[in-house]
Amino acid sequence: MPDVEDHTDRTTGPQRVVIVGSGFAGFTCARELCRVLAKQDRDIEVVLVTPNDYMLYTPLLPDVAGGLIDPRFVAVSLVDALPRVRLVVATVESIDLDGRTITVTSEHHTPRTLFWDRLVLTPGSVTRLFDVPGLAEHGRGLKTVAEALYLREQLLRQLELADHEGDRDLRRARRTVVVVGASYAGTELTAQLRALADTYAKRRGFDPAEIRFVLLDTADRVMPEVGEKLSDKVLAVLRDRGIDIRLGTSLKELAGDHVVLTDDTTVATYTVAWVTGVTGAPVLGTLGLPMERGRLTVDVHLQVPGHPDVFAAGDAAAVPDLTKPGTITPPTAQHATRQGKILARNVAAGLGIGTQAAYKHRDMGLVVDLGPGFAVADPMGVRLSGFPAKVVTRAYHIYALPRGINRWAITVTYLTNAVMPRPLTLLGLVGPEEASFGSSEGIPERG
């Protein structure tokens, strides 16, 4: 039995809002809710339960993997950014909707139970896996700092080993990288790793073309979300950089030194990134609630049907898209941040402060950084590519980071990178086990 953490009388103590997860939706909800409550003379406690004491700005993880940005700069300290929030650094083990409690665990404490008056479920998402033999053992995702750092370290390690490898075929395998997924994250990751590899080759005095990148996707085009015109430009730029792009193709099998593609082609490699999309965090599947595409079903007010005191948003929720009836909003940072604000308003309304609002968004466009000198962007429907898109993309990320010190650090990094090459130091900070899907993302092993 878990230790009971709460000793306060629930009938006389403060009302409590428990937020699960510190991603874009959970972080924004906590921050906005505290702003609302600061103006009220109410005894209401906001508790944020999260496995990490930081909010991770995931859109810049490809830059971390590519050695462009220090991982500290994409981690926003929750203690500093949310001083009014009670932070519980732990993992949610179970949720009792009828009893209004959650049980949390951590490696430093026995299980504890927290009660709640309002529950906000924003645990985010994990990499979507398929039953591909060898994937869990030999593939790595891009959802966490550990995974991003591992991909950088793995690439540099294999390149260094290749420098001293006498066997031509083995040297070629060590200099080959396979990335599965040609949507935003996968394409950005490929571009940044390519830039890191090019820097390494030039520094070591050999032809960058000897480092091979293979980008796979089952779709019929790269980044179909940006539209046909921009997609074609992205395809041309990537191929001009020597990236082998194979559409309508994925992985059939993975081993430690090679992969087999769905067309039965074998590619010798030691580095495989699996960036094929996301699904809701595993804890959501334990609730017995209706789900759609791995996400909790909610109404336009972000409430869970049948549970008016339970809310969900971000990657964890299938939020109806009022601008496209019959569809749900995609799992993007833009949606999660805006939903976080609506969450705060509607949770406060449930506590008798203000009124509810439905989530309805206006698409602000997209930004995709594709390495040195190139990006694509679609701000307010204006399609940009090349240097103008690069300026817009970097300006957006700096603006979107929710803390001043992080914005400053990223700005300085971008300016430094404009005149200095990427660092190639191999630090050995993250091993393959730490970066596995189970350890880094908490995805249960398949039985």
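## A nonpolar patch on the surface

On the surface of this predicted model, I405, W408 and V412 form a nonpolar patch whose accessible area together is about 320 Å². Patches are built from residues that have over 30% relative accessible area and no salt bridge, with nonpolar side chains (Val, Leu, Ile, Met, Phe, Trp, Tyr) joined within 5 Å and like charges joined within 9 Å; the accessible areas come from the Shrake-Rupley method with a 1.4 Å probe, and for residues only the protein chains shown count as cover. V412 is placed in helix α11, where helices (H or I, at least four residues) and strands (E, at least two) are DSSP runs numbered from the N terminus. V412 counts as partly exposed, at 33% relative accessibility, on a scale in which buried means under 20% relative accessible area, exposed means over 50%, and partly exposed lies in between (1.4 Å probe, protein chains only).

Residues are numbered from 1 along each chain as its sequence is written. Because the model is predicted, local features need pLDDT of at least 70 and side-chain atom pairs count only at pLDDT 80 or more, while totals for chains, interfaces and linings use all residues, and side-chain values use heavy atoms, with hydrogens and water left out.

## A patch of negative charge

E137, E433, E434 and E445 gather on the surface in a patch of negative charge. In this assignment Asp and Glu count as negative and Lys and Arg as positive, with His and the chain ends not counted, and the place of a charge is taken as CD of Glu, CG of Asp, NZ of Lys or CZ of Arg. One of the four, E433, is found in the loop between α11 (404-417) and α12 (437-441), and E433 counts as exposed at 57% relative accessibility.

## Salt bridges

Across the whole structure, a search finds 19 salt bridges, each defined as a side-chain nitrogen of Lys or Arg within 4 Å of a carboxyl oxygen of Asp or Glu. Among them is the pair of E45 and R16, whose side chains meet at 2.9 Å, N to O. This pair links distant parts of the chain, with E45 in strand β3 (residues 44-50) and R16 in strand β2 (residues 15-20), 29 residues apart. R16 counts as buried, at 5% relative accessibility, and a network of salt bridges links R16, E45 and R86.

A second salt bridge joins D309 and R100, with the closest N and O atoms 2.1 Å apart. Here too distant parts of the chain are linked, since D309 lies in strand β23 (residues 307-312) and R100 in the loop between β7 (91-96) and β8 (101-106), 209 residues apart. D309 counts as buried at 16% relative accessibility, whereas R100 is partly exposed, with a relative accessible area of 28%. In another salt bridge the side chains of D198 and R194 meet at 2.9 Å, N to O; these two residues are separated by about one helical turn, because they are four residues apart in helix α7 (residues 184-204). Both D198 and R194 are buried.

## Cysteines

With a disulfide taken as a pair of cysteine sulfur atoms within 2.5 Å, the count comes to zero disulfides. C29 is in no disulfide, and the nearest cysteine sulfur, which belongs to C34, is 9.1 Å away. C29 is buried, with a relative accessible area of 0%. C34 is likewise in no disulfide, with the sulfur of C29 as its nearest cysteine sulfur at 9.1 Å, and C34 is buried with a relative accessible area of 11%.

## Backbone angles in two loops

Two residues other than glycine have a positive phi value. D264, in the loop between β16 (258-261) and β17 (266-268), has a phi near 70 degrees. R293, placed in the loop between β20 (291-292) and β21 (295-297), has a phi near 55 degrees, and R293 is exposed, with a relative accessible area of 66%.

## Separations along the chain and in space

P111, found in strand β9 (residues 109-115), counts as partly exposed at 27% relative accessibility. The C-alpha atoms of P111 and P388 are separated by 51 Å, with their positions 277 residues apart along the chain. D80 lies in helix α3 (residues 78-81) and is partly exposed, with a relative accessible area of 45%. From C-alpha to C-alpha, D80 and P331 are 27 Å apart in space, and in sequence they are 251 residues apart.
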